[in-house]
2 protein chains.
Amino acid sequence: MKSNKQSQLARDLKSDAFIVKVAERFKMLGEPMRLKLIQSLMSGERTVGELVQSTGAAQANVSRHLNHLTQVGLLGRRKAGLHVYYHIEDESIYGLCELVCGSVRAQAKAELEALN
Amino acid sequence: MKSNKQSQLARDLKSDAFIVKVAERFKMLGEPMRLKLIQSLMSGERTVGELVQSTGAAQANVSRHLNHLTQVGLLGRRKAGLHVYYHIEDESIYGLCELVCGSVRAQAKAELEALN
DNA sequence: TTAATATATGAGTATATAGTTATATAATAT
DNA sequence: ATATTATATAACTATATACTCATATATTAA
């Protein structure tokens with residue numbers, strides 16, 4: 001089963017178009033501002049205005065990032081009157097952030113210990 | 001335990017410096033050429049020359065990307081005579097690629113089904 | 001209708017970085 | 001020492017994109 005997954009992974013990554021898709025996904029998560037937005041959305045759906053407040057960024061910028069994240073399917077949107085509510089649509093976000101956060105934390109800890 | 005992890009994740013992402021580190025990690029995986037290199041390294045360590053061959057990219061470009069990936073701790077290197085062998089150092093790469101590949105595959109499948 | 005509010009978008013600038021070419025560095029062999 | 005080979009790096013160009021400002025597009029209220 002493990003080797004099955006491994007070979008599926010290797011197979012996926014051999015297609016150029018697929019690799020570009022995967023890179024696009026990672027790139028979406030590779031901007032601090034977008035990670036901040038995602039973090040805010042981790043406790044539930046939020047309007048653009050609320051996200052502008054919680055991030056302290058300009059409205060136009062927040063709107064653009066939300067749009068990008070929605071285009072690639074990571075976020076979803078819901079209109080309600082004047083407001084647009086965004087939410088996390090692709091649950092893989094949680095696993096991805098946990099993995100990277102864990103790795104970054106482990107690395108920071110190792111670097112600290114290397115000084116002793 | 002689940003809520004513990006969740007809150008640890010939320011706590012991690014609240015530090016600006018930490019968010020930048022996490023973004024940097026994702027960004028490293030957000031380039032097709034780097035993903036190709038990583039894919040080649042998934043079957044074991046390789047020299048720069050071997051990676052130049054397997055990717056078809058220019059030597060200088062491959063060397064640069066390998067350097068970046070090594071700086072952030074995703075890859076490791078080993079010198080042996082004229083050759084430098086690179087390998088995957090941070091095992092979280094496997095989990096990350098599996099998650100994203102799975103999500104991209106699922107999305108492609110969903111898009112296909114939406115046409116029927 | 002007009003006004004007010006929330007969100008999206010066009011246009012511009014600034015910056016980061018992928019890729020290239022040429023060259024430097026380092027290790028081995030002759 | 002010189003030549004050869006593998007890798008790294010400096011300098012440059014081209015491109016992508018984050019951010020800003022101004023404005024457009026809804027949607028609701030008066």
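What follows is a short chat about a predicted model and the contact between its chains A and B.

Me: Ground rules first. What kind of model is this, and which atoms count in side-chain values?
Reply: It is a predicted model: local features need pLDDT of at least 70, side-chain atom pairs count only at pLDDT 80 or more, and totals for chains, interfaces and linings use all residues. Side-chain values use heavy atoms, with hydrogens and water left out.

Me: How many residues does each chain give to the contact?
Reply: Chain B gives 42 residues and chain A gives 42 residues. Contact means heavy atoms within 4.5 Å.

Me: And what area is buried between them?
Reply: About 4,100 Å², with 70% from carbon and sulfur atoms. Buried area is the accessible area (1.4 Å probe) that two parts lose on being put together, summed over both.

Me: How many salt bridges cross the interface?
Reply: Four, by the rule. A salt bridge puts a side-chain nitrogen of Lys or Arg within 4 Å of a carboxyl oxygen of Asp or Glu.

Me: Which residues does A:Glu31 or B:Lys27 pair with?
Reply: The side chains of A:Glu31 and B:Lys27 meet in a salt bridge, at 3.3 Å, N to O.

Me: New topic. Is A:Ser40 buried or exposed?
Reply: A:Ser40 is buried, because its relative accessible area is 12%. Buried means under 20%, exposed over 50%, partly exposed in between (1.4 Å probe, protein chains only).

Me: What is A:Ser40 in contact with?
Reply: A:Arg46, A:Leu51 and A:Ser54, leaving aside neighbours within four places in sequence.

Conventions
Residues numbered from 1 in each chain as written. Chains lettered and ligands numbered in written order.
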